[in-house]
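Student: Got a minute to go through this one with me? I'd like to start with the charged contacts and then wander a bit.

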Amino acid sequence: MNDREYIEENRDHWDELAEHHPDTDYYDVEAFLGGESTLRRLERKELTVAGKRLLHLQCHFGLDTLSWVRDEGVAHATGVDFASTAIETARELRDRVGLSPDRARFVESDIYELPATLEESFEVVFSSYGTIYWLPDLNRWAKVIATHLEAGGIFYIADGHPFAGPFHYESTADELRVAHPFFNREAITESFDGSYAGWDFGLENKRSHGFAHPMGEIVTALTDAGLQIEFLHEYPWSFFQRFDAMEPDEDDRWWLPELEHALPFTFSLKAKLPA
Ligand SMILES: C[S@@+](CC[C@H](N)C(=O)[O-])C[C@H]1O[C@@H](n2cnc3c(N)ncnc32)[C@H](O)[C@@H]1O
């Protein structure tokens, strides 16, 4: 299969997931509509966005995009995702929380096609939690980010640490089992009836393709596209239950109990496009 075919099959998979996700406890849409931000403490602390124009890549059905605007004072956010069902739900939620399209707009596009769809550039480009795994080519991804950043603009990502990617979901503190490649040699093709938000949706489009991206590849793709790294932080918790044996704390950060020496499960990176 080529990259286009991987993306098309992933789009069918995500289109269907996006029908189910708004009804899950994982996404808790009621709490969001009741005023709770879906953003984590991490990105709220590390990224200054008030009054800025923000582009949110792979926004899913828009909860974080809308939280930036409603709760963090972003002047305007454009959310982008290739799943049409996700974009439709995002627009409905935008209307339900009373934000105008001037404040929050949602665009249906494959990330790689974005420069052909959207001409604007932004002060901030944001991406978080479960994004680059779905992208076959980070060099093209980084060029899209640079294209849509204003000179002096900031790119920020928080996502799963590449170190954690290879381990089987049944891994424990005593036995970390390697199930996938660390290096991006080929697609990781899997078939699931659901997702991290629920394992039994009864999906028709079960198959999806992910891609391992080592930290060196992430950083080099961004610097090759002209960005300057401002920080790269590594954290010993996961943003989802990566392994069955993980347990959450009060901040919804997932830990492997009894792990004697901390391991990195999440990273955040901030980079600037020089003026
Ligand atoms: C795990 S979700 C996004 C994470 C977000 N933090 C959330 O939980 O709502 C991954 C998103 O990436 C989108 N996606 C995957 N590949 C894409 C592509 N090539 N172009 C645009 N969106 C893509 C999917 O549709 C999905 O909405």
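**Salt bridges and beyond**

Tutor: Sure. By the usual rule the count comes to 14 salt bridges. Keep in mind that this is a predicted model.

Student: OK, pick one. What does glutamate 113 form a salt bridge with?

Tutor: Its partner is arginine 4, and the closest N and O atoms are 3.5 Å apart. Glutamate 113 sits in the loop between β3 (104-108) and α6 (114-117) while arginine 4 belongs to helix α1, so the pair ties together parts that are 109 residues apart in sequence.

Student: Is glutamate 113 buried, exposed or partly exposed? And how about arginine 4?

Tutor: Glutamate 113 is partly exposed, at a relative accessible area of 36%. Arginine 4 is partly exposed too, with 33%.

Student: What else does α1 hold on to? Say, which residue pairs up with glutamate 9?

Tutor: That would be arginine 207, with the closest N and O atoms 2.7 Å apart. Here glutamate 9 lies in helix α1 and arginine 207 in strand β7 (residues 207-210), so this salt bridge ties together parts that are 198 residues apart in sequence. Glutamate 9 has a relative accessible area of 23%, which makes it partly exposed. Arginine 207 is partly exposed as well, at 35%.

Student: And glutamate 120, where does that lie?

Tutor: Glutamate 120 is in the loop between α6 and β4 (122-128), and its partner arginine 105 is in strand β3, so the two tie together parts that are 15 residues apart in sequence. Their side chains meet in a salt bridge at 3.1 Å, N to O. Both ends are partly exposed: glutamate 120 has a relative accessible area of 29%, and arginine 105 comes in at 24% relative accessibility.

Student: Which residues do shared partners join into one network?

Tutor: Arg4, Glu8, Asp110 and Glu113 are linked that way, through salt bridges that share partners. So that's where the arginine 4 to glutamate 113 contact from earlier fits in.

Student: Back to α1 for a sec. Is aspartate 15 buried or exposed?

Tutor: Aspartate 15, which is in helix α1, is buried, because its relative accessible area of 16% falls under the 20% cut-off. Its C-alpha atom is separated by 11 Å from that of glutamate 204, and those two residues are 189 apart along the chain.

Student: New topic: surface patches. Which residues form the negative one?

Tutor: Asp25, Asp28, Glu30 and Glu36 form it. Glutamate 36 is in the loop between α2 (29-33) and α3 (41-46). With a relative accessible area of 53%, glutamate 36 counts as exposed.

Student: And which residues make the nonpolar patch?

Tutor: Tyr26, Phe192, Tyr196 and Trp199 make a nonpolar surface patch of about 420 Å². Tyrosine 26 is found in the loop between α1 (3-20) and α2. Tyrosine 26 is partly exposed, at 38% relative accessibility.

Student: Does UniProt say anything here? I mean, which feature does it place at residues 57-153?

Tutor: An unreviewed UniProt entry places "domain: Methyltransferase" at residues 57-153. In the model that span is 38% helix and 25% strand, and its end C-alpha atoms lie 15 Å apart.

Student: How many residues of helix α4 are buried?

Tutor: Seven of the ten residues in α4 (residues 63-72) are buried, so the helix is mostly covered. The buried ones are Leu63, Asp64, Thr65, Leu66, Ser67, Trp68 and Val69.

Student: And which residue follows α4?

Tutor: Glycine 73, and its phi is positive, near 75°.

Student: Fine for a glycine. Where does phi go positive in a residue other than glycine?

Tutor: One of the places is aspartate 252, where phi is near 55°. Aspartate 252 sits in the loop between β9 (247-248) and β10 (254-255), and it is partly exposed, with a relative accessible area of 37%. Glutamate 258 has a positive phi too, near 70°.

Student: Where does glutamate 258 lie?

Tutor: In the loop between β10 and β11 (266-272). Glutamate 258 is exposed, with a relative accessible area of 75%.

Note on methods:
Residues are numbered from 1 along each chain as its sequence is written. This is a predicted model: local features need pLDDT of at least 70, side-chain atom pairs count only at pLDDT 80 or more; totals for chains, interfaces and linings use all residues. Side-chain values use heavy atoms; hydrogens and water are left out. Patches are made of residues with over 30% relative accessible area and no salt bridge: like charges are joined within 9 Å, nonpolar side chains (Val, Leu, Ile, Met, Phe, Trp, Tyr) within 5 Å. Accessible areas come from the Shrake-Rupley method with a 1.4 Å probe; for residues, only the protein chains shown count as cover. A salt bridge is a side-chain nitrogen of Lys or Arg within 4 Å of a carboxyl oxygen of Asp or Glu. Lys and Arg count as positive and Asp and Glu as negative; His and the chain ends are not counted. The place of a charge is taken as NZ of Lys, CZ of Arg, CG of Asp or CD of Glu. Helices (H or I, at least four residues) and strands (E, at least two) are DSSP runs, numbered from the N terminus. Buried means under 20% relative accessible area, exposed over 50%, partly exposed in between (1.4 Å probe, protein chains only). UniProt positions are given in the numbering used here, feature names are shortened, and annotations may be inferred rather than shown by experiment.
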